[in-house]
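Colleague: I'd like a close look at one part of this model, the largest pocket. Could you walk me through it slowly, as you would for someone in their first year?

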Amino acid sequence: MDLYYALMLPSGNDAALCIAYGIGSLLIKKKRLKPVNGLPLSPLKEFIKEMNKMTLKLGLRNTMFANPHGLSEKGNKSTANDLGKLAYLALQVPLIRRVVST
């Protein structure tokens, strides 16, 4: 829970990376993905792939993530409209409402 609160702080980029690596590792295990050309898969890349799949499911057609924290990086893009939709959807989750209200 502390990591989740840290994520929501103004400088929660380290928490975003930690969460992405953790969930990405779980995704690799769950999907039983194998190394490619003998190289291990990147939990971070797997997490970002899932983030981008979710943008499509949520109807965020002008959003693409290149990292889990949103800092400037080639490939990160969105629109004010998509960010507004995402904020609205996020606030429907009671845990997110509780964290951002503190």
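Modeller: Sure, and keep in mind from the start that this is a predicted model. Let's begin with the chain around the pocket. It has five helices and zero strands, so if you read along the sequence the pattern is simply α-α-α-α-α. Put a box around the C-alpha atoms, along the principal axes, and you get roughly 45 × 30 × 25 Å.

Now to the pocket itself. Rolling a probe the size of a water molecule over the atoms shows where empty space is left. Here, the largest pocket has a volume of about 1,200 Å³. Its lining is made up of 34 residues. If you want to find the centre on your screen, look for L7, M51, F65, P68 and L86, the lining residues that lie nearest to it.

Which helices help to build that lining? At least two residues come from each of α1 (2-8), α2 (13-31), α3 (43-57), α4 (80-90) and α5 (94-100). The top contributor is α3, which gives seven residues.

Since α3 gives the most, let's stay with that helix for a moment and pick out T55, which sits in it. T55 has a relative accessible area of 3%. Anything under 20% counts as buried, so T55 is buried. Leaving aside residues up to four places away in sequence, T55 touches L60, T63 and F65. You've met F65 already: it's one of the residues nearest the centre of the largest pocket.

For contrast, step back to the loop between α2 and α3, where you'll find S42. Its relative accessible area is 27%. That falls between the 20% and 50% cut-offs, so S42 is partly exposed. S42 and S72 are 30 residues apart along the chain, and their C-alpha atoms are separated by 20 Å.

Finally, zoom out to the whole chain. Of its 102 residues, 23% count as buried, and T55 is a buried one. The accessible surface comes to about 7,400 Å², and carbon and sulfur atoms make up 63% of that. Among contacts with a separation of 6 or more, 29% join residues 24 or more positions apart. As for charge, the chain has 15 positive and 6 negative charges, and the mean positions of the two sets are 9 Å apart.

Notes
Residues numbered from 1 in each chain as written. Predicted model: local features only at pLDDT ≥ 70, side-chain atom pairs only at ≥ 80, totals over all residues. Heavy atoms only, no water. Helix = DSSP H or I, 4+ residues; strand = E, 2+ residues; numbered from the N terminus. Buried < 20%, exposed > 50% of the residue type's maximum accessible area, 1.4 Å probe, protein only. Contact = heavy atoms within 4.5 Å. Areas by Shrake-Rupley, 256 points an atom, 1.4 Å probe, with all protein chains shown as cover. Lys, Arg positive; Asp, Glu negative; His and termini not counted. Charge placed at Lys NZ, Arg CZ, Asp CG, Glu CD. 1 Å grid on protein atoms, 1.4 Å probe; cavity = no way out; pocket = protein on both sides within 12 Å on 5 of 7 lines; lining within 4 Å. Points joined across faces, edges and corners; volume = space filled by probe spheres on them.
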